[in-house]
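Q: Please give me a close look at the sheet in this one. Once that is clear, carry on to the helices and loops.

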Amino acid sequence: MTEQSRSRFRAEARAERPDPVLLCLLAAAEHTFDAPGDPAPPPTLDELLTGCGAALDRHAAAVRRAVAERSPAGPEETAALLAAVLGGRERFHGRKADYRRLESSLLPEVLRRRRGLPITLSLVWMGVAARAGLVVHGIALPGHFIVAVAGPSGGNDYVLADPFHGGRLLDLSDAARLVTAAGHHFGTELLTPAQPLDIVLRVLGNIRAWAADRPEHARTQLWAAELALLLPRHPAQLRLERAELLVRTGDFLAGAREMEEYARVLDAFDPDAAAKARQDARAARHRLN
């Protein structure tokens, strides 16, 4: 199943218009298939995607009915309508405790639990809106992901909403407070819609960060790093992270090879780091003795 989900993940990441919702479902599928201790048989990949698609379709149908009943005139009314359906009736929201749970970064679990991180709850809004014929963009503020909602007929006018807090509407000062609270300087350029692959990379980064704080979950960090490496654009440092995780999980030879390949990349511009990578590769090989 991992091979099947990764093949589809790789293909979707290279599509002309990659779908971040589908990519995050495919990413989460790998954890679902490998989850230990679950007595129930895991779903197949098609079953997982079909079930999640059906859930998004149900929420989109509720949004379409609300649009037909209320006839929102602009982005404020549209955002309020989405908040009433998704944040109100369906109770999609987040709490501080959700930052400590891996499920908060796994989109199928977010759809099931209706709890998640700001970015995964924003993906729910984006997926539902697209199915309902509305326009919702992700906005990757530092430290807190939000959405921008257009009016029912599209256009260039948007309002900001926070799915983590049930869809609370935000003005520029609210957005600025979120950014400064994360230790960054606010500028209106931060309100540019996030690119699909950047959203996926950020979700995988959250999974990697969660696992990095829990050494017993090194394999979770490894699969998130390997999926990030399948994206057309990713930080070069990910190759070293993967190599170190391979060693940590007992695959010393593969980890050493990765470190040596990474060292060759570094030779031209950071020879000291290259030498360190080769030293680590030798140490990994010695652990076989």
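A: First, the naming: helices are DSSP runs of H or I with at least four residues, strands are DSSP runs of E with at least two, and both are numbered from the N terminus. Keep in mind that this is a predicted model, where local features need pLDDT of at least 70, side-chain atom pairs count only at pLDDT 80 or more, and totals for chains, interfaces and linings use all residues. Residues are numbered from 1 along each chain as its sequence is written, and side-chain values use heavy atoms, with hydrogens and water left out.

Now the sheet. Four strands make up an open, antiparallel sheet, and their order is β1-β2-β3-β4. Pairing here takes at least two DSSP bridges between two strands. At the edges you find β1 (136-141) and β4 (168-170), each with a partner on one side only. Ignoring direction, neighbouring strands are turned by 45 degrees against each other on average. Axes for such angles are lines fitted to C-alpha atoms (for helices, over the stretch in contact), and angles run from 0 to 180 degrees between N-to-C directions.

Helix α4 (residues 75-89) packs on this sheet and touches β1, β2, β3 and β4, where contact means heavy atoms within 4.5 Å. The direction of α4 makes about 125 degrees with that of β2.

Zoom in on β2. It is joined to β1 by six bridges, and the two run antiparallel; in one of these pairings, Ile139 has Ile146 in β2 as its bridge partner. The link is a hairpin with two residues between the strands, and Gly143 in the turn has a positive phi of about 85 degrees. On the other side, β2 (residues 144-151) is joined to β3 (residues 154-162) by five bridges, again antiparallel. Another hairpin makes that connection, through two residues, and Gly151 is bridged to Gly154 in β3.

How much of β2 is buried? Eight of its eight residues are, so β2 is largely enclosed by the rest of the structure. "Buried" means under 20% relative accessible area, "exposed" over 50%, and "partly exposed" in between, using a 1.4 Å probe and protein chains only.

The edge strand β1 also helps to line a pocket. The second largest pocket has 19 lining residues, and Arg17, Pro20, Met126, His137 and Pro196 lie nearest its centre. Two or more lining residues come from each of α2 (20-34), α6 (118-131), β1 and α8. The space in this pocket is about 490 Å³. For the method: on a 1 Å grid over the protein atoms alone, a pocket is an open set of points with protein on both sides within 12 Å along at least five of seven lines, and lining residues have an atom within 4 Å of a point. Points are joined across faces, edges and corners, and the volume is the space filled by probe spheres set on them.

From the pocket, move on to α8 (residues 196-212). Its 17 residues reach 24 Å from first C-alpha to last, close to the 24 Å expected; the expected span is 1.5 Å times one less than the number of residues. Its buried residues include Leu197, Val200, Leu204, Arg208 and Trp210.

Helix α9 (residues 218-229) is mostly covered, with 11 of its 12 residues buried, among them Trp223 and Glu226. Its end C-alpha atoms are 16 Å apart, which agrees with the 16 Å expected.

In α10 (residues 237-248) the ends are 17 Å apart, in agreement with an expected 16 Å. Leu238, Leu240, Glu241, Ala243, Leu245, Leu246 and Val247 are buried there, and their cover includes α8, α9, α11 (252-266) and α12 (271-286). Just after α10, Gly250 has a positive phi of about 100 degrees.

Two residues other than glycine have positive phi too. Ser71, with phi near 50 degrees, is in the loop between α3 (45-70) and α4, and is exposed at 53% relative accessible area. Arg91, with phi near 65 degrees, is in the loop between α4 and α5 (107-113), and is also exposed, at 53%.

Definitions and conventions:
On a 1 Å grid over the protein atoms alone, a cavity is a set of points where a 1.4 Å probe fits but cannot get out, and a pocket is an open set with protein on both sides within 12 Å along at least five of seven lines; lining residues have an atom within 4 Å of a point.
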